[in-house]
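User: I am new to this structure. Can you take me through it in short questions and answers?

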Amino acid sequence: QVQLVESGGGLVQPGGSLTLSCAASGFTFSLYRMGWYRQAPGKERELVALIANSGGSTDYADSVKGRFTISRDDARDTVYLQMSSLKSEDTAVYYCNANRLVTRRDYWGQGIQVTVSS
């Protein structure tokens, strides 16, 4: 039914760039706030970036501000995370999230590994 499928992860060198994609299906994508979260080994899951369902409003964690950009394409039911100037501390499993507060809906992808290493 509901699916959030991340792609685009992998190994990248420090200072490099990578773009993650999350393809959504099974719900009305345009009505949901979309987000990216990440979890590093031994750490709690943390918010990386959010993009509103309307208006194009975005929010970022301080640690990624100026380096990462979240965007969405409602015609393709896809949300993206463009990452640049990557650091070793960006290494984590990245998760796609869809949220609609008014209906108490909250969906998660399975996660995708991003490793930043030389």
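What follows is a set of questions on the sheet, the core, the disulfide and the salt bridges.

User: What kind of model is this, and what pLDDT do local features need?

Analyst: This is a predicted model, in which side-chain atom pairs count only at pLDDT 80 or more, totals for chains, interfaces and linings use all residues, and local features need pLDDT of at least 70. Residues are numbered from 1 along each chain as its sequence is written, and side-chain values use heavy atoms, with hydrogens and water left out.

User: What is the strand order of the open sheet of four strands?

Analyst: Strands here are DSSP runs of E with at least two residues, numbered from the N terminus. Two strands pair if DSSP finds at least two bridges between them. The pairing in this open sheet is antiparallel, and the order is β1-β3-β8-β7.

User: Which strands stand at the edges of that sheet?

Analyst: An edge strand here has a single partner strand, so one side of it is left without a neighbour in the sheet. The two strands in that position are β1 (3-7) and β7.

User: By how many degrees are neighbouring strands of this sheet turned against each other on average?

Analyst: Axes are lines fitted to C-alpha atoms, for helices over the stretch in contact, and angles run from 0 to 180 degrees between N-to-C directions. For this sheet, direction is ignored, and the average turn between neighbouring strands is 15 degrees.

User: How many bridges join β3 to β8?

Analyst: Start at the β1 side: five bridges join β1 to β3 (residues 18-25), with Q3 opposite S25. Further along, S21 in turn stands opposite Y80 in β8. β3 and β8 run antiparallel, and the number of bridges joining them is six.

User: Which residue in the turn between β7 and β8 has a positive phi?

Analyst: β7 and β8 pair in the antiparallel sense over six bridges. F68 stands opposite M83, and R72 has V79 as its bridge partner. The two strands form a hairpin with four residues between them, and the turn residue with a positive phi, about 50 degrees, is D77.

User: Which side chains along β7 are buried?

Analyst: In a regular strand the side chains alternate between the two faces of the sheet. Buried means under 20% relative accessible area, exposed over 50% and partly exposed in between, using a 1.4 Å probe and protein chains only. Along β7, T69, S71 and D73 point to one face and are not buried, while the buried side chains on the other face are F68, I70 and R72.

User: Which residues touch the most other members of the largest nonpolar core?

Analyst: A nonpolar core is a set of buried Ala, Val, Leu, Ile, Met, Phe, Trp, Tyr and Cys residues joined through side-chain atoms within 4.5 Å. The largest one holds 30 residues, and those touching the most other members are L4, M34, W36, V79, L81, M83 and Y94. At least two residues of this core come from each of β3, β4, β5 (46-51), β7, β8, β9 and β11 (112-116).

User: Which parts does the disulfide tie together?

Analyst: The structure holds one disulfide, a pair of cysteine sulfur atoms within 2.5 Å. It joins C22 to C96, S to S 2.1 Å. C22 is buried at 0% relative accessible area, and C96 is also buried at 0%. The pair ties together parts 74 residues apart in sequence, because C22 and C96 lie in strands β3 and β9.

User: Why is the disulfide left-handed?

Analyst: C22 and C96 are the two partners. Their disulfide is left-handed because the torsion about the S-S bond is about -85 degrees.

User: Which residues do salt bridges that share partners join into one network?

Analyst: A salt bridge is a side-chain nitrogen of Lys or Arg within 4 Å of a carboxyl oxygen of Asp or Glu, and the whole structure has six. E46 pairs with R38 at 2.8 Å, and D90 pairs with R38 at 2.9 Å. R67 and D90 meet at 2.8 Å. Through shared partners, the network joins R38, E46, R67 and D90.

User: Is E46 buried, partly exposed or exposed?

Analyst: Its partner R38 is buried, at 5% relative accessibility. D90 and R67 are buried too. E46 has 35% relative accessibility, so E46 counts as partly exposed.
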